Amino acid sequence: MKKNKIVGAAALLSVLLTGSAIAQIGKPFIHDPSTIVECEGKYYTFGTGGGGLISEDGWTWNSGAVRPGGGAAPDAIKIGDRYLVVYGSTGGGLGGGHDGKLNTMWTKTLDPKSPDFKFSESNVVASSENMEDCDAIDPGLLLDPTDGRLWMSYGTYFGFIRLVELDPKTGKRMAGNIAINVGIDCEASDLMYRNGWYYLLGTHGTCCDGANSTYNIVVGRSRKVTGPYLDNMGRSMLEGGGKMVLAAGGRVTGPGHFGRFIVGDGVEKMSCHFEADLDLSGRSVLGIRPLLWKNDWPVGGENFKEGTYEIESERRGYALELIVDFTRMAGGMRGFNRNNDEPIKPVAAQELADVIKTWPTGNTGVRIGDYMFRPHQKWTITAVPEAGGYIGGSYYKIVIAGTDRALAATSAAEVITVPTFTGAPEQLWRIDQLTDGTYRIMPKVVPNSNEKLALVSSGDSTPTLAPFDMNSDNSKWSFKAH
Amino acid sequence: MNIKHKTLLLAVSSAIFVGMGSQSCSVASKSTINYVAKRDTTRSIAPYFTPATIQKKTPDSKGFIQRWLLLEPINKPNRGNTVFTDSYLKTAFASEYFPNQFTILPKDGEKVKAGTQELTWHALESTNYNVKLFRFAYETRKQYYGVIFWAVTVVNCPEEMKNVRMAVGSNSASMWWLNGKEAVLLSGDRRMVVDDCVSPRLTLNKGKNIVRGVVINGPGMSDFCLRFLDEKGEPIKNLTISYE
């Protein structure tokens, strides 16, 4: 028993010091995943080989998605009320050759249990043959939000990444369309548009080598969908250029096959596979990360790490805190004209044990105050795996460090703490990193309400729950580990 | 995903070689109206190279050197490119493949013996900023996977230039020398990226300077690009390139 306590303390210390980022749960094993698509409340991604993954909440993923045609590295997109899926049949060295075809097909639903689940006959929209400077494999789709045109990039290291235009009504190649070379020395390309820029994503490095795969996702951008796509050094992707979006880190290697998923205003996710998750037998797994934007460049964010933090409002920089008396600590003003040769001694920080007896024991409110690294300002945030999750994250409990006192939403759309975490949905919190790197914090539910509200600052010192507004610092928070 | 680059046996690659044609490299693909690629039956390096001439030639508009003496590929079987560690390369590139390999300034058409292979030097000018070694091998029906390519060129400098850097990108690994001294090594399973690896500060002598390089690849498309950068990182273009 004693031994267990030691282990437990060590584990807790580890969390406090370093935190840990949790990956998708379930059996998220996939290679070359398509962009995640939502269909009738469920999430889908397809991989090489014909199958794919389904998730009810975007957090727990299991096999079950169905795609005919087999082949490799599909992509998927919703256009109108239908879904267009494109995949590569052979090519890319599969089967030993570079002959490949890219095939598109439609379905009304991605749910294999639906009576409407039926894929149309496929159309060949691009191909490669022999040793031409391209592999017709690894397609990525973009429906241009500015004009409704549909584009597809494709290719591997074997020659060029090419761009073709498809007909968004039929999914077929636009008549007379000629492929354009837009990149080299990457594969698993994808396209996206934001804020006047078109982006060409590519995967660089070594594929298919497990923990030794050096796959990484790079990007170039252009004012025109047809390129040229330049990186941050002004280097064309036709010269091998590319700015890093996501590389290996933590316990996962080899991110590849970028896909963008817009959750809502200011909340974007990127999907990929990691060639190896060292915590999951080194298997290839689905990855979902926050997608951040810095100076109009996409940056792969980190999944939220459990730990103990100051929760700082972006409004003024004050910190979320329990409403308790401010307890003075040792280390008051020393006074003037003192002997500076006196020995230097550290001053102990105020600890929970120093103050907790003065705190109320029932439900207690919270406010926002100037951060003094005091116990009533330190929050331990821990995943609650049994509570499920949302796309890219688990639900968390947020408690005063060293206690079970938990942050909770009230039916009056306010925020308080309850003495003990019970797992009630109003005590569970969704934490999404925003595109600017700050965070949105939302209760899983607001009691007696269907509203989706977020933790916001209604005054410098007063938190509440209100609709999230990406354009206001009232809605944004940072987690600082001091 | 490109499994072939990493895992395919060369024997399989050789099988692919048989009966294959090629398509030219151009800005646009040559897909037909039904978007099924056309099978070519001829091979030619013409889209990628022209024979080198004795006419004055400068680097291209971005400073890339396009005139090179290229030796037909030496067989060097490797199933994948992840073996190209620094140690592997230093050993592989220190080995003698043909006489005077570190000093020779070959003539166009000159032949050398590398093991059992009799190989020819070709004076060529790349039509691209990069030198597509894969096309040099494939279009001339030589072995194109599991190979070593040697390249030599002469950089003529109007005056001594100090603190310049040789900037190289290669697929896959490579090593480069300037006037007999090692300048830069590109190790690992590498793709060709402009200015990927850059040498320490070097001096280009007034007059002739010999640039020599060796590129190694398992499966995949071999190529390289090389230019010199000045102290500000700008490409040096006031050079002339010859092969004699």
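**Exercise 1. Decide whether Cys208(A) is buried or exposed in this predicted model, and describe its backbone.**

Solution.
Step 1. Count the neighbours: 22 other C-beta atoms lie within 10 Å of Cys208(A).
Step 2. Apply the cut-off: a residue is buried if 20 or more other C-beta atoms lie within 10 Å of its own. Cys208(A) is therefore buried.
Step 3. Place the residue: Cys208(A) sits in the loop between β15 (197-204) and β16 of chain A.
Step 4. Read the backbone angle: phi of Cys208(A) is near 60°, which is positive although the residue is not glycine. Most residues other than glycine have a negative phi.

**Exercise 2. Find the exposure class of Asn179(B) and of Arg328(A).**

Solution.
Step 1. Asn179(B) has 15 other C-beta atoms within 10 Å. A residue with 12 or fewer is exposed, one with 20 or more is buried, and one in between is partly exposed. Asn179(B) is therefore partly exposed.
Step 2. Asn179(B) belongs to the loop between β8 and β9 (181-186) of chain B. Its phi is positive, about 50°, and it is not a glycine.
Step 3. Arg328(A) has 8 C-beta neighbours inside 10 Å, so it counts as exposed.
Step 4. Arg328(A) is found in the loop between β23 (319-322) and α2 (352-355) of chain A. From Val86(A), Arg328(A) is 242 residues away in sequence and 65 Å away in space, C-alpha to C-alpha.

**Exercise 3. Which residues does the cis peptide bond of chain B join, and where does Pro228(A) lie?**

Solution.
Step 1. In chain B, a cis peptide bond links Asn171(B) to Ser172(B), with omega about 0°.
Step 2. Ser172(B) is in the loop between β7 (161-171) and β8 (173-178) of chain B.
Step 3. In chain A, the bond from Gly227(A) to Pro228(A) is cis, with omega near 5°.
Step 4. The position of Pro228(A) is the loop between β16 (216-222) and β17 (243-246) of chain A. For comparison, most peptide bonds are trans.

**Exercise 4. Describe the open sheet of four strands in chain A and the open sheet of five strands in chain A.**

Solution.
Step 1. The four strands come in the order β10-β11-β12-β13 (chain A), with antiparallel pairing. β10 (140-143) and β13 (180-184) of chain A are the edge strands, each pairing on one side only. From one strand to the next, the twist averages 25°.
Step 2. Look inside that sheet: β11 (residues 150-154) and β12 (residues 160-166) of chain A run antiparallel and are joined by five bridges. Leu150(A) has Leu166(A) as its bridge partner in β12(A).
Step 3. The five strands come in the order β1-β5-β4-β3-β2 (chain A), and here the pairing is mixed. Its edge strands are β1 (25-26) and β2 (37-39) of chain A.
Step 4. β1(A) pairs with β5 (residues 60-66) of chain A in the parallel sense, over two bridges. Within β5(A), Thr60(A) is the bridge partner of Ile25(A).

**Exercise 5. Why is β18(A) described as largely enclosed, and which strands bring domain 1 of chain A to domain 2 of chain A?**

Solution.
Step 1. Of the 13 residues of β18(A), 10 are buried, so the strand is largely enclosed by the rest of the structure.
Step 2. β18(A) runs antiparallel to β19(A), and nine bridges join them. Arg260(A) has its bridge partner, Met270(A), in β19(A). Two residues stand between the strands of this hairpin, in which Gly266(A) takes a positive phi near 85°.
Step 3. The domain assignment gives domain 1 (21-300) and domain 2 (307-330 + 349-480) of chain A. Their C-alpha centres are 37 Å apart. Domain 1 gives 20 residues to the contact and domain 2 gives 16 residues.
Step 4. The elements with two or more residues on the domain 1 side are β18 (252-264), β19 (267-277) and β20 (283-294) of chain A. β20(A) supplies the largest share, six residues. By class, this side has 12 nonpolar, three polar and five charged residues.

Conventions
Residues numbered from 1 in each chain as written. Chains lettered and ligands numbered in written order. Predicted model: local features only at pLDDT ≥ 70, side-chain atom pairs only at ≥ 80, totals over all residues. Pairing = 2+ DSSP bridges. Axes fitted to C-alpha atoms, helices over the stretch in contact; angles between N-to-C directions. Domains from an automatic or database assignment. Contact = placed C-beta atoms within 7 Å. Nonpolar A, V, L, I, M, F, W, Y, C, P; charged D, E, K, R; others polar.
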